[in-house]
Amino acid sequence: MPIFFIVSGILLQYRDSWRYRSYKGIVVRKAKSLLYPYLTFSILTTIYSIKFTVGTSAIVMSFYKNIGANILVQDILGTILGIGIWLLWFLPALFFGELLAIVILKQSQHVHYIAASVLLLIIIVSPIGRNAYLASETQSVILSFIAVILLVIFRILVATTFLLIGYFIAEFKI
């Protein structure tokens with residue numbers, strides 16, 4: 001998946017439309033191109049998983065087990081919280097990762113600020129991922145919910161980091 005986010009960052013550098021759009025315009029455009037397919041495939045995947053009863057990751061399953069959710073509730077919660085169903089987690093991660101990368105790029109006039117943002121994101125990402133896995137091993141509903149939210153934040157920060165790396169690769173022709 002890092003290559004997917006890096007390529008998206010390279011494409012972000014070559015597309016100029018985000019530089020001139022308002023944040024609202026960017027959100028609407030990205031939602032149409034990423035969240036619409038996410039919701040469509042989530043619905044199709046939910047129908048499939050109800051019919052064939054398919055599982056998901058350990059952190060997410062721990063949360064679902066703690067709240068006693070059935071497959072339909074699991075898939076609806078997974079879609080709403082941005083966890084994603086099966087491999088669909090990358091679409092909300094890309095959506096929010098691109099939004100965060102665009103905010104960083106629009107607000108930063110100098111390249112060294114953007115590079116510092118990438119390093120800061122890398123430093124922040126590691127403990128969040130570790131804490132998500134530690135919190136998922138508990139039987140508490142609240143802690144398992146926190147683990148799921150940490151997992152979503154972790155994915156967004158990882159996506160943003162690789163998007164910005166891809167942006168720099170294209171910017172500096174590396």
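**A salt-bridge network centred on E98**

In this predicted model, E98 forms a salt bridge with K30, the closest N and O atoms being 2.5 Å apart, where a salt bridge is a side-chain nitrogen of Lys or Arg within 4 Å of a carboxyl oxygen of Asp or Glu. E98 lies in helix α6 and K30 in helix α3, so the pair ties together parts that are 68 residues apart in sequence. E98 also forms a salt bridge with R15, with 4.0 Å between the closest N and O atoms; this pair links distant parts of the chain, since R15 sits in the loop between α1 and α2 (17–20) and E98 in helix α6, 83 residues apart. R15, K30 and E98 are thus linked in a network of salt bridges, and a search of the whole structure finds 2 salt bridges.

The members of the network differ in their exposure. E98 counts as buried at 4% relative accessibility, and K30 is likewise buried at 11%, whereas R15 is partly exposed with a relative accessible area of 35%; buried here means under 20% relative accessible area, exposed over 50%, and partly exposed in between, with a 1.4 Å probe and protein chains only.

Helix α6 itself (residues 90–107) has 18 residues and reaches 25 Å from its first C-alpha to its last, close to the 26 Å expected at 1.5 Å a residue, the expected span being 1.5 Å times one less than the number of residues. Of these 18 residues, 13 are buried, and the helix is mostly covered.

Helix α3 (residues 23–52) also holds T45, which is buried with a relative accessible area of 12%. The T45 side chain reaches the backbone oxygen of F41 at 2.6 Å, and, leaving aside neighbours within four places in sequence, T45 is in contact (heavy atoms within 4.5 Å) with D75, I85, W86 and L88.

Across the chain, the secondary structure comes to 8 helices and 0 strands, helices being DSSP runs of H or I with at least four residues and strands runs of E with at least two, numbered from the N terminus. Buried residues make up 42% of the 174 residues.

The chain averages a pLDDT (the predictor's confidence in each residue, from 0 to 100) of 80, and 81% of the residues score at least 70. Among the elements, helix α4 (residues 58–67) has the lowest mean pLDDT, 63, and helix α1 (residues 2–14) the highest, 92. Where pLDDT is low, the predicted coordinates should not be read in detail.

Local features need pLDDT of at least 70 and side-chain atom pairs count only at pLDDT 80 or more, while totals for chains, interfaces and linings use all residues. Residues are numbered from 1 along each chain as its sequence is written, and side-chain values use heavy atoms, with hydrogens and water left out.

Definitions and conventions. A polar contact is a pair of N or O atoms within 3.5 Å; within protein, one must be able to donate a hydrogen and the other to accept it, and residues adjacent in sequence count only if both atoms are side-chain atoms.
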